[in-house]
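Notebook open, coffee poured. I want to go through a few spots in this one and jot down what I find.

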Amino acid sequence: MLRTSSLSLAVLAACMTAGASAGAGAGDGRWIADQGNRTYRNPVLAGDYSDPDAVRVGDDFYLVSSSFTDVPGLPILHSRDLVNWTLIGHALRRLPPDDHYRTARRGGGVWAPAIRHRDGRFVIYYPDPDRGIFMVSAIDPKGPWSEPVLVDGTTGAIDPAPFWDDDGTGWLAYAFAKSRAGKANLIALKRLNAEGTRTEGHERIIIDAGRMPEVATSLGPRPWQTTEGPKLYKRGGWYYVFVPSGSVKGGWQGVFRSRRITGPYEGRNVMDQGGTAINGPHQGAWVDTPGGEDWFLHFQDRDAYGRIVHLQPMRWKDGWPVIGTDTDGDGRGEPVLVHRKPGVATQQVAAPVADDEFDQGFSLAWQFGSNPGDDWASVEDGWLNLKSVTGSADLYETGAVLSQKLPGPAFCASTLMRFAPLRIGERAGLAVHGVNFAWIGLENRPEGIRVVQVRKDDERPAMPITEIAGPVLKQDRVWLRACARPVMVDVPPPDFAPYWPSMLRDTRMAVRFAYSLDGARYEELGSTFEARQGRWVGAQIGLFAQAALGTPAAVATSVGYARYDWWRIGQ
C-alpha cells in the first residue's frame, strides 16, 4: 500500500517551494523562477514542458517541447534571460494524420523535438514514433509554421537532432523506441538533403551504448541504459552528442565525443543527481549567451506535475562539459536549486499565461487532447462556449477537454459557468485529469440540473467511476473551484539497482473540489482526490462539456453547451 512520506514532503518543499517570491505573480498560484535579486530558483518552468530543446538567435532564446497528442502541438516559448519564459505560439496546428488523431491516442503523437535556426528560418524536427520524423519551419517563431513534411519514415525512430557541419553538410541523429523499433540504447545518424527535408543514404549506428564501458556515476559504475534523446553539436574540432541515459526518472546526463562525426565515440556522465533531490536531471539543450556563457536546460520528472524544466550553469574542462556544480572537481556536476542569473540584459519577470478572461478568444495556454472538431469551442461576448461533445465518461478516453498545464505546485483554479443542456446526459465542469481523473460541475438528470463531483481514482481501465451528488440547481450559473497541493507517496523500488532514493517516491497532486451558488461562499463536494500523471505527461486542469455515452444526449441530433465567463489561477 502507498504511504505518504513526511520525509519526502520535506524533499519536495526543497525542490518546489510554493512560498512567496520576489517579483510579479508571487502568491497567485503560479511558479515564478526569478527571485528579483539577480538569482533564480529551479525549475525555471514549472509546467510540463517535457523534453525541452532550445536555440539562441541573437539576444533571444526559443524553447520547444514535446506535446504528444495535445493540440495545438509543439509549444514555442521565448525568453531573453533563460529564466523568464512566455508562451508565444505553437508550431503544429493539428496532428497528422488528422482522422487518426481525432481520438486521444495517449502516449502517441509528438515526442521529443529539436529546434534550430538556419538560413533565416526556424526549423523543428519532431518524431511520431508510429510514423517517422517530421519537419516544420517558419520565418517568425510565432508563426505561421509550415505543414509537417515527412523527413524519414524509419519505424520507431525518435528524438531527432539536426546538425549542419562547417561545410554545410546536413546530418540527422536520432534514437529508437523499443516498443516500436524492437531495439533501443542506440544512436543513429543519416545524411540530410540540401533542403533538410529528407534523409539520404544508409543509416549509421554511431553509438551502441550497450557495448560501451560502464560509466562513473555518484552511485558507482553503471551500464549505459535507455540512452536516447541525442543532441549533436560541434566545438573545437570535436563532435559532441549529448544524451540522457539511465532511465527517465533515475538517470543522468551523458555526453559522447569524437573527432569524426561517424565515430568512434567515447562517453562520460557530466551531471547526475548526486546528493541532491533533483531526480533524473537530463535531456535538454546546450545554449550559449551573447557574452559567451554556457547553460543547459533539462527536465526533471515530477510525476503528476509532469516534466518540469531546470536551468543549469555549464562550463568546459579538458574538452568536456561539466553541468551544474562540481564541488569535488571530478568533472561530474550536480544540479543547482538556486543560482545567479545568466549575464544578459535584464528582463521583466514573467511566466507562461494562466488566467483567461476570454475577452479576445482563448489564450495560448489551452490545448485539446486530440484534433478537435470545428465546433467544439468558440468565444462570444467574452464567454468561452464549449459544445457537449459525445464521448466516454472516462476522461482519459476523450480528447474533448480544453486543458492547461499545471501552473505551479500549489494553486486554486476557478471559473464561472453557465449550463444550457438540451438532453439528459449532458454534463460540464472543471476537471483534473491524467490516467485517473475527477471533476466538479453540472449534469442534466431527469430530476433537473444537479451539481456533481465525478471521479475515477483507480488508473486501471474499466475500474468504477463514482459520483457524489450535490443540490439540484435552481439557477443558470455556478462557480467552480479546484485547489491543489503536492503530496509524496512511497512506491516500490525499480527493477534495477543501484538506484537513487528519489526513485522510491512519487509526486501526486491532492485536489479538493468546491462549488458556490453566489460566488462568495464555497461548499466542498467529495473527498480529496489524488491526481496522477498521464501517459508521458503530467496531470492537466481544464474545462469541458460532454454528451456522455449511454445517455440520450450521446446520439441526439442536437446538443447544448456550457459557457465559461473566466478562468483564474490563485491560492
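**Entry 1: a salt bridge across the chain**

I started at Asp166, which I find exposed, with a relative accessible area of 69%. This is a predicted model, so I keep that in mind for everything below. What does the Asp166 side chain meet? I looked and got Lys234, in a salt bridge at 2.9 Å, N to O. The two come from distant parts of the chain: Asp166 is in the loop between strand S11 (157–164) and strand S12 (170–176), Lys234 is in strand S17 (residues 231–235), and their positions lie 68 residues apart in sequence. Lys234 is at 28% relative accessibility, so I put it down as partly exposed.

**Entry 2: the other salt bridges**

I ran the search over the whole structure and noted 42 salt bridges. Next I picked Arg332 and Asp272, whose side chains meet at 3.6 Å, N to O. Arg332 sits in the loop between strand S24 (320–323) and S25, while Asp272 sits in the loop between strand S20 (266–271) and S21, so this pair ties together parts 60 residues apart in sequence. Buried or exposed, this pair of Arg332 and Asp272? Both are buried. I also wrote down a network: Arg427, Glu443, Arg445, Glu447, Arg450 and Glu467 are joined into one by salt bridges that share partners.

One more pair before moving on. Arg102 and Asp99 form a salt bridge through their side chains, with 3.2 Å from N to O. Arg102 comes out at 42% relative accessibility and is therefore partly exposed. Asp99 has a relative accessible area of 60%, so I list it as exposed.

**Entry 3: Arg105**

I then went to Arg105, in the loop between strand S6 (86–92) and S7. It is partly exposed, at 33% relative accessibility. Which residues does Arg105 contact, leaving aside neighbours within four places in sequence? I get Thr69 and His100. I also checked Arg105 against Thr398: they are 293 residues apart in sequence, yet their C-alpha atoms are 9.1 Å apart in space.

**Entry 4: the four-stranded sheet**

From that loop I followed the chain into S7. S7 belongs to an open sheet of four strands, in the order S7-S8-S9-S10, with antiparallel pairing. Why do S7 and S10 each have a side without a neighbour in the sheet? Strand S7 (114–118) and strand S10 (149–152) stand at the edges and have a single partner strand each, so one side of each is left free of a sheet neighbour. Neighbouring strands here are turned by 30° against each other on average, direction ignored.

I looked at the S7 edge in detail. S7 pairs with strand S8 (residues 121–128) in the antiparallel sense, over five bridges. Ala114 is the residue I find opposite Tyr125 in S8.

**Entry 5: S22 and its two partners**

How many residues of strand S22 (residues 294–301) are buried? Eight of the eight, so the strand is largely enclosed by the rest of the structure. I sorted the side chains by direction: Asp294, Phe296, His298 and Gln300 point one way, Trp295, Leu297, Phe299 and Asp301 point the other way, and all are buried.

On one pairing, strand S21 (residues 282–288) and S22 run antiparallel over six bridges. His282 has Phe299 of S22 as its bridge partner. The hairpin of S21 and S22 has five residues between the strands, and in it Gly292 takes a positive phi near 95°.

On the other pairing, S22 and strand S23 (residues 307–317) are antiparallel and joined by eight bridges. Asp301 has Arg307 of S23 as its bridge partner. This hairpin too has five residues between the strands, and here I noted a positive phi near 60° at Asp303.

**Entry 6: Asp355**

Last stop for today. Asp355 is in the loop between strand S25 (338–340) and strand S26 (377–380). With a relative accessible area of 39%, Asp355 is partly exposed. What does Asp355 touch, not counting residues up to four places away in sequence? I found Trp567, Arg568 and Ile569. For Ile569 I have a polar detail: its backbone nitrogen lies 2.8 Å from a polar atom of the Asp355 side chain. I also took the C-alpha separation of Asp355 and Arg450, which is 27 Å for 95 residues along the chain. Arg450 is one of the residues in the network from Entry 2.

Note on methods:
Residues are numbered from 1 along each chain as its sequence is written. This is a predicted model: local features need pLDDT of at least 70, side-chain atom pairs count only at pLDDT 80 or more; totals for chains, interfaces and linings use all residues. Side-chain values use heavy atoms; hydrogens and water are left out. Buried means under 20% relative accessible area, exposed over 50%, partly exposed in between (1.4 Å probe, protein chains only). Contact means heavy atoms within 4.5 Å. A polar contact is a pair of N or O atoms within 3.5 Å; within protein, one must be able to donate a hydrogen and the other to accept it, and residues adjacent in sequence count only if both atoms are side-chain atoms. Two strands pair if DSSP finds at least two bridges between them. Axes are lines fitted to C-alpha atoms, for helices over the stretch in contact, and angles run from 0 to 180 degrees between N-to-C directions. A salt bridge is a side-chain nitrogen of Lys or Arg within 4 Å of a carboxyl oxygen of Asp or Glu.
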